[in-house]
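Let's take a walk through this one together, starting from a single side chain and working outwards. Have a look at the model first.

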Amino acid sequence: VQLQASGGGLVQAGGSLRLSCAASGRTFDIYSSGWFRQAPGKEREFVAGISRSGGRTSYARSVSGRFTISRDSVKNTVDLQMTKLKPEDTAVYYCALDWDQVRAWEVTTQLLYYDDWGQGTLVTVSS
C-alpha cells in the first residue's frame, strides 16, 4: 500500500489548509485511518482519526473544534481540514492506515497500531 499525503504549505496564523491522503492498493472504507504530526524535536502524536464507516471520528484535544477529518469514497482519500491554525500546529503531518478489521469499526488513536504510513507533508504556520 502506498499512502500519498499532500496539501501542506506555509500559512499565517488564523489561516486554513486542507491536507489530503490518497491510497493506492487499498480503499479507506474498510480500514480505520488517521492523521498524526511530528514537530521538530518532539514525538509523533495523534491528531485525528476516522473509522471505516466514517461514522466515528476522534480528535486530539489540541485540535478539537479546529480540525475536521473526513473520507471521500469516490476519490479514495482521507482529508484533514485545518482551520484557525496556530504556530504550534507547525509539524510534518502523516496519514496512516490500520489494517485490523476489528479496530476498523472504531477510531484507532494509538500510533503503534498503524501499519502503513505516508511520507508526510510539512505544515508551517507563521505568527
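Start at Arg71, whose side chain makes a polar contact of 3.1 Å with the side chain of Ser73. Keep in mind as you look that this is a predicted model.

That isn't the end of the story for this arginine. The Arg71 side chain also reaches the backbone oxygen of Arg52, this time at 2.6 Å. Zoom out a little and you'll find Arg71 sitting in strand S7, which covers residues 67-72. Skip the neighbours within four places in sequence, and Arg71 still touches Phe28 and Asp29, the run Ile50, Ser51, Arg52, Ser53 and Gly54, plus Thr77 and Val78. So is Arg71 buried or exposed? Its relative accessibility is 19%, and because the cut-off for buried is under 20%, Arg71 counts as buried. Arg56, for its part, lies 15 residues away along the chain, with 11 Å between its C-alpha atom and that of Arg71.

Now over to the cysteines. How many disulfides does the structure hold? Just one: Cys21 pairs with Cys95, with 2.0 Å between the sulfur atoms. The link ties together distant parts of the chain, since its two ends are 74 residues apart, Cys21 in strand S3 (residues 17-24) and Cys95 in strand S9 (residues 91-98). If you look along the S-S bond between Cys21 and Cys95, the angle about it is 60°, making the link right-handed. Both ends are tucked away from the surface: Cys21 is buried at a relative accessible area of 0%, and Cys95 is buried too, at 1%.

Conventions:
Residues numbered from 1 in each chain as written. Predicted model: local features only at pLDDT ≥ 70, side-chain atom pairs only at ≥ 80, totals over all residues. Heavy atoms only, no water. Disulfide = S-S within 2.5 Å. Helix = DSSP H or I, 4+ residues; strand = E, 2+ residues; numbered from the N terminus. Buried < 20%, exposed > 50% of the residue type's maximum accessible area, 1.4 Å probe, protein only. Contact = heavy atoms within 4.5 Å. Polar contact = N/O pair within 3.5 Å; in protein donor to acceptor, adjacent residues only side chain to side chain.
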